[in-house]
Amino acid sequence: MEKSSEVGHELTRSLVRDLVNKLAVIVGHCDLLSEHLKEGSQSAKHVGAIHEIAQEMAKELKEYQCRLAESAQSAGFQELDVA
């Protein structure tokens, strides 16, 4: 059963890392788009909102990743990397 939990932690860690990476791409694209939009335009506001939400999601996922690593360590699993 312990091995199953360890595999579950590893899969979760991998999923979280992938999601954080994809959110970083979204944030980067928002930054690039912002450079080409008229400041204060409706489009700029939408891109800004997407940027803000993606950053917040990445922050929450990183916090979850840290809690997951702490949980794995306290359960005696191999130490997990935190991105």
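## A salt bridge in helix α1

The side chains of Glu10 and Arg13 form a salt bridge, with an N to O distance of 2.7 Å. The model is predicted. The structure holds one salt bridge, and Glu10 and Arg13 are its partners.

The pair also registers as a polar contact: the side chain of Arg13 meets the side chain of Glu10 at 2.7 Å. Arg13 lies in helix α1, which covers residues 2-36. Because Glu10 and Arg13 are three residues apart in helix α1, about one helical turn separates them.

## Exposure of the two partners

Is Arg13 buried or exposed? Arg13 has 12% relative accessibility, so Arg13 counts as buried. The cut-off for buried is under 20% relative accessible area.

Glu10 falls in another class. Its relative accessibility is 34%, so Glu10 counts as partly exposed. That class sits between the 20% limit for buried and the 50% limit for exposed. The salt bridge therefore joins a buried Arg13 to a partly exposed Glu10.

## The nonpolar core

Which residues make up the largest nonpolar core? There are seven: Val16, Val20, Leu23, Val27, Ala54, Ala58 and Leu61. The elements that supply two or more residues to this core are α1 and α2, the latter spanning 42-74. Helix α1 contributes the most, with four residues.

Val16 is one of the core residues. Leaving aside residues up to four places away in sequence, Val16 touches Leu61, Tyr64 and Gln65. Leu61 is itself listed in the core.

## The protein as a whole

The secondary structure is quickly told: two helices and zero strands. The protein has 83 residues, and 22% of them count as buried. Arg13 is buried.

How much of the contact set spans 24 or more positions? Among contacts with a separation of 6 or more, residues 24 or more positions apart account for 63%. One contact pair within the protein is Val16 with Leu61.

The accessible surface comes to about 6100 Å². Carbon and sulfur atoms hold 56% of that area.

Methods
Residues numbered from 1 in each chain as written. Predicted model: local features only at pLDDT ≥ 70, side-chain atom pairs only at ≥ 80, totals over all residues. Heavy atoms only, no water. Buried < 20%, exposed > 50% of the residue type's maximum accessible area, 1.4 Å probe, protein only. Contact = heavy atoms within 4.5 Å. Areas by Shrake-Rupley, 256 points an atom, 1.4 Å probe, with all protein chains shown as cover. Polar contact = N/O pair within 3.5 Å; in protein donor to acceptor, adjacent residues only side chain to side chain. Salt bridge = Lys/Arg side-chain N within 4 Å of Asp/Glu carboxyl O. Core = buried A, V, L, I, M, F, W, Y, C linked by side-chain atoms within 4.5 Å.
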